[in-house]
Amino acid sequence: MPSVGRSQWSSCSTEAFSPERGGREGATRLMIVVTDGESHDSEELPEALRECQERNVTRYAIAVLGHYIRRQKDPNAFIDEIKFIASDPDEKFFFNVTDEAALNDIVDALGDRIFSLEGTREYSSFELEMSQVGFSTHLLEDGILFGMVGAYDWDGAVLRESPNERLIPPQKAFESEFPLRMKNHAAYLGYTVSSIKLRGGRGLLVAGAPRFKHKGKVILFEMGGRTDTLRITQALTGEQIGGYFGSEVCPVDVDGDGVTDVLLVSAPMYLGAQNKETGRVYVYKVGQSLLSFNGTLESDPKPQDARFGFALLALPDLNQDGFNDVAVGAPLEDGHQGAVYLYHGQRNTLRPQYTQASINNNNNNNNNNTIGLLYVFRAVWPCSRSILS
């Protein structure tokens, strides 16, 4: 940076943390200064730093000494100025490196110190600092369910937010299905989230953890009015290592009576014949309180890397037989051109045989249109009838 004078610091400490730019009242304010030379307006630094202190801005300062070392110049004045910029004490908030490439050497140490400001004081493990809230979302009748795959050292979690409350269950709430002793496991709970409706009006929330024990897991659960009230009612587990079971789920109300009849769970990286990532979609019938396995959906039997089940979507009744339908994406099928499979409903379940497979036959190499139709499948819902009927 060419200058660290008052105007720049004022801009950072006021505008950068303002509500208009996404700043939250009470949030930790952090500034990282990386520079390879002295400022040209150092006389303004004391006033600029006073503004930062008044706004409680924590400052990490990194001095890059490459310019001084290459020209055999004395860096002491430069180092003193950068130490002055850094918060106290210097041993915690000041770094110096020999050259630009050496910045990589301090990334981990700097990251640990920054994350400690976010609330995890014993930062050998993370809690909510890396949550990635919103990795997946699902609209509820009274709010929104968010997936947080990065929470609790990437074991994952969920957040339920409504107009009147915000619930984030602690890690121990999931312990019955995600034992705390399994450290550094990275189950990715919350990779996908949804809900189902049982008869009698009772609802269950659904969350997928495709990396659990490398086979994947889906949990069905209820969340009460307190953050520590979470009850897991059932868990579904994958059958193959690396299959990514639970990366997508799709509840289906086949007969349109407001009650969920089927829950689809995909394992898009499931290895089929000849060790190809054919993918697989599991069908679970929804009973009074529990789900029961009811087979899988069929796709093109040809051995190929299709990733069948990468995207799932419940559709309205396309063939006008009184039952709602489902579309399944296979983005890598047919040499990465992609395909959409259509399955019709029948009496509280789905027909396992597909009735139509829409292949992306655009072979225009100039557009490089080989990424697969279903990588953008989540965006085709408004026009699904015209595409698939």
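A salt bridge, as the term is used here, is a side-chain nitrogen of Lys or Arg sitting within 4 Å of a carboxyl oxygen of Asp or Glu. Keep that cut-off in mind, because R202 and E222 pass it: their closest N and O atoms are 3.1 Å apart. One caveat before going on: what you're looking at is a predicted model.

Let's stay with that pair for a moment. R202 sits in the loop between β8 (192-197) and β9 (203-209), while E222 belongs to strand β10 (residues 217-223), so the bridge links distant parts of the chain, 20 residues apart. How buried or exposed are the two partners? R202 has a relative accessible area of 29%, which makes it partly exposed. E222 comes out at 24% and is partly exposed too.

Now zoom out to the whole fold. The protein chain has nine helices and 21 strands. Of its 389 residues, 46% are buried. If you take the contacts with a sequence separation of 6 or more, 55% of them are between residues 24 or more positions apart. As for the surface, the chain exposes about 19700 Å², and carbon and sulfur atoms supply 47% of that.

Back to the charges. Side chains of opposite charge can pair when their charged atoms come close. In this model that gives 12 salt bridges, so it's worth strolling past a few others.

Try E277 and R307, whose closest N and O atoms are 2.8 Å apart. Which parts of the chain does this pair tie together? E277 lies in the loop between β13 (262-267) and β14 (280-286), and R307 in the loop between β15 (291-296) and β16 (311-315), so the bridge joins parts that are 30 residues apart in sequence. E277 itself counts as partly exposed, at 21% relative accessibility. Buried would mean under 20%, so E277 lands on the partly exposed side of that cut-off.

Next up is the bridge between the side chains of E161 and R166, with 3.2 Å from N to O. Here the partners fall into separate classes: E161 is partly exposed at 32% relative accessibility, whereas R166 is exposed, with a relative accessible area of 52%. The reason R166 gets that label is that exposed means over 50%.

Last stop: a spot where the pairing goes beyond two residues. E47, R50 and E54 are linked in a network of salt bridges. Select those three together in your viewer and you'll have the network in one view.

Key: Residues numbered from 1 in each chain as written. Predicted model: local features only at pLDDT ≥ 70, side-chain atom pairs only at ≥ 80, totals over all residues. Heavy atoms only, no water. Buried < 20%, exposed > 50% of the residue type's maximum accessible area, 1.4 Å probe, protein only. Helix = DSSP H or I, 4+ residues; strand = E, 2+ residues; numbered from the N terminus. Contact = heavy atoms within 4.5 Å. Areas by Shrake-Rupley, 256 points an atom, 1.4 Å probe, with all protein chains shown as cover.
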